[in-house]
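Hello,

Here is the structure we talked about, for you to look through. My notes on what was found follow below it.

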Amino acid sequence: MDMIVELLVATLMVLITVGVHAMGLLTLGRIVAASDARAGGAIRLNPLSRRGAWLTISLVLGLFFLHGVEIWLYALLFHLLGAVPDLREAVYFSTISYGSIGYGDASITPDWKLLGAIEGVNGAILLGWSIAFFVTVMGRLLPPAQRSHDSFD
C-alpha cells in the first residue's frame, strides 16, 4: 500500500470528522441558546436543580452521540477497506483508537496501521474540543458559594 494513499484517506477522514464535530457542537450550542431564549435570556443555573441536571445530562448524551458517530465513521471505513476482519472488530478497534493512542495494532492490516494511529490523534483533538465546549457551557452553573442562597427550580 502506498503511504501517500493512506495519508490522503486519513486527511479526508480528519476533515470529515472535524466537520461533523463542528456541526454537532454548533447544534448543541443552538439548543442551549434556544433554551435560554425560552427562559428569557441566559441564566445561571443551580447544578442541583432540574434544569441544571437536565442541561448536564443533555450535553453529555449529545457529546456521547457525536463521538459515537465519528467512531462509527472510522469503523465503517476500516470495514469497507477490509482493514479489520469484521464490523464488530472495526467498531472495537475504532473506539479504542479514537479514545487513546497506543492501542496494540494486531487486529488491523499493516497497510492501514497509519490510518489507525491518525484516528487516535484526531480523536484526542475532538475529545479535547468537546471538553472545552462542555466546560464553557457548564460554567453557567452557580459557584458553590451562591448555591445556598438560591432556590431549586
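In which helix does L76 lie? L76 is part of helix α2. Please keep in mind that this is a predicted model.

The surface comes next. W72, L76, L80 and L87 together make a nonpolar patch of about 400 Å². The most is given by helix α2, which spans residues 50-81 and supplies three residues to the patch. One of the patch residues, L76, has a relative accessible area of 38%. That value falls between the 20% and 50% cut-offs, so L76 counts as partly exposed.

Now the aromatic rings. How many aromatic pairs does the structure hold? There are two. In one of them, F78 and F93 meet edge-to-face, with 5.2 Å from centre to centre and 80° between the planes. This pair links distant parts of the chain, as F78 sits in helix α2 and F93 in helix α3 (residues 87-99), 15 residues apart.

Are F78 and F93 buried or exposed? F78 has a relative accessible area of 0%, and F93 has one of 2%. Buried means under 20%, so both F78 and F93 are buried.

Ring pairs also join F78 and F93 with Y74 into a cluster.

To recap helix α2: L76 lies in this helix and is partly exposed, whereas F78, also in helix α2, is buried.

Regards

Key:
Residues are numbered from 1 along each chain as its sequence is written. This is a predicted model: local features need pLDDT of at least 70, side-chain atom pairs count only at pLDDT 80 or more; totals for chains, interfaces and linings use all residues. Side-chain values use heavy atoms; hydrogens and water are left out. Patches are made of residues with over 30% relative accessible area and no salt bridge: like charges are joined within 9 Å, nonpolar side chains (Val, Leu, Ile, Met, Phe, Trp, Tyr) within 5 Å. Accessible areas come from the Shrake-Rupley method with a 1.4 Å probe; for residues, only the protein chains shown count as cover. A salt bridge is a side-chain nitrogen of Lys or Arg within 4 Å of a carboxyl oxygen of Asp or Glu. Helices (H or I, at least four residues) and strands (E, at least two) are DSSP runs, numbered from the N terminus. Buried means under 20% relative accessible area, exposed over 50%, partly exposed in between (1.4 Å probe, protein chains only). Rings of Phe, Tyr and Trp (its six-membered ring) pair if their centres lie within 6.5 Å; planes under 30 degrees apart count as stacked, over 60 as edge-to-face and the rest as tilted.
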